[in-house]
Amino acid sequence: MSDLENSIMTIIHMFHKYSKNKSTLKKTDLKDLINNEMSHFIMNIQDKETLDQVFTDLDQNGDLEIDFQEFIALVAMVTSACHDLTKTC
């Protein structure tokens with residue numbers, strides 16, 4: 001597989017790792033995923049208010065769980081922000 005294909009598979013694997021092979025992430029799962037897998041791009045989430053805000057922003061359907069499509073929105077936002085920071089003119 002190409003580097004990009006491997007990266008896509010890694011994203012899928014990380015979602016399933018933290019969702020414990022279920023179809024959604026609970027709030028604590030999301031916190032663990034961000035703190036363990038995105039710590040170079042997102043500051044560690046320590047306080048409840050920050051976690052609540054991130055979770056609410058991602059939970060578009062309001063079911064109190066983050067499904068894969070909602071998780072991908074986070075990945076896209078972080079990827080876009082990193083791209084903006086690393087652009088060379």
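Let's start with the whole chain: buried residues make up 28% of the 89 residues in this protein. Keep in mind while you click around that you're looking at a predicted model.

**Stop 1: the whole thing**

Switch to cartoon view and you'll find four helices and two strands. Follow the chain from its start and the order goes α-β-α-α-β-α. The radius of gyration is 13 Å, close to the 12 Å that the globule rule gives for 89 residues, so this protein is as compact as a globular protein of that length. Along the principal axes, the C-alpha trace spans about 40 × 30 × 25 Å.

Now turn on the surface. About 6300 Å² is exposed, and 58% of that comes from carbon and sulfur atoms. Colour by charge next: there are 8 positive and 15 negative side chains, and the centres of the two sets lie 6 Å apart.

**Stop 2: helix α3**

Select residues 48-58, which is helix α3. Which residues of this helix are buried? Show the side chains of Leu51, Phe55 and Leu58, and you have them. Look down the axis of α3: its buried residues fall within an arc of 65°, so they line one face of the helix. An α-helix has 3.6 residues a turn, so residues three or four places apart point the same way.

Spin to the face turned away from that buried side, and you meet the exposed residues Glu49 and Thr56.

What covers the buried residues of α3? Select β1 (24-25), α2 (27-37), β2 (66-67) and α4 (68-86), which are among the elements doing so.

**Stop 3: Asn35**

Stay with one of those neighbours, α2, and pick out Asn35, which sits in this helix. Is Asn35 buried or exposed? Its relative accessible area is 16%, and buried means under 20%, so Asn35 counts as buried. Leaving aside residues up to four places away in sequence, Asn35 touches Met43, Asn44 and Ile45.

**Stop 4: the loop between α1 and β1**

Head back towards the start of the chain and find α1 (3-18); Lys20 is in the loop between α1 and β1. Lys20 isn't a glycine, yet it has a positive phi of about 55°. Its relative accessibility is 56%, so Lys20 counts as exposed.

Asn21 belongs to the loop between α1 and β1 too. What is the phi of Asn21? It is positive, about 60°, although Asn21 is not a glycine. Asn21 is also exposed, at 66% relative accessibility.

**Last stop: contacts along the chain**

Zoom out and show contacts. Of those with a separation of 6 or more, 45% are between residues 24 or more positions apart.

Terms used: Residues are numbered from 1 along each chain as its sequence is written. This is a predicted model: local features need pLDDT of at least 70, side-chain atom pairs count only at pLDDT 80 or more; totals for chains, interfaces and linings use all residues. Side-chain values use heavy atoms; hydrogens and water are left out. The radius of gyration is taken over C-alpha atoms; the globule rule is 2.2 Å times the number of residues to the power 0.38. Buried means under 20% relative accessible area, exposed over 50%, partly exposed in between (1.4 Å probe, protein chains only). Contact means heavy atoms within 4.5 Å. Accessible areas come from the Shrake-Rupley method with a 1.4 Å probe; for residues, only the protein chains shown count as cover. Lys and Arg count as positive and Asp and Glu as negative; His and the chain ends are not counted. The place of a charge is taken as NZ of Lys, CZ of Arg, CG of Asp or CD of Glu. The arc is that of the directions from the helix axis to the C-beta atoms.
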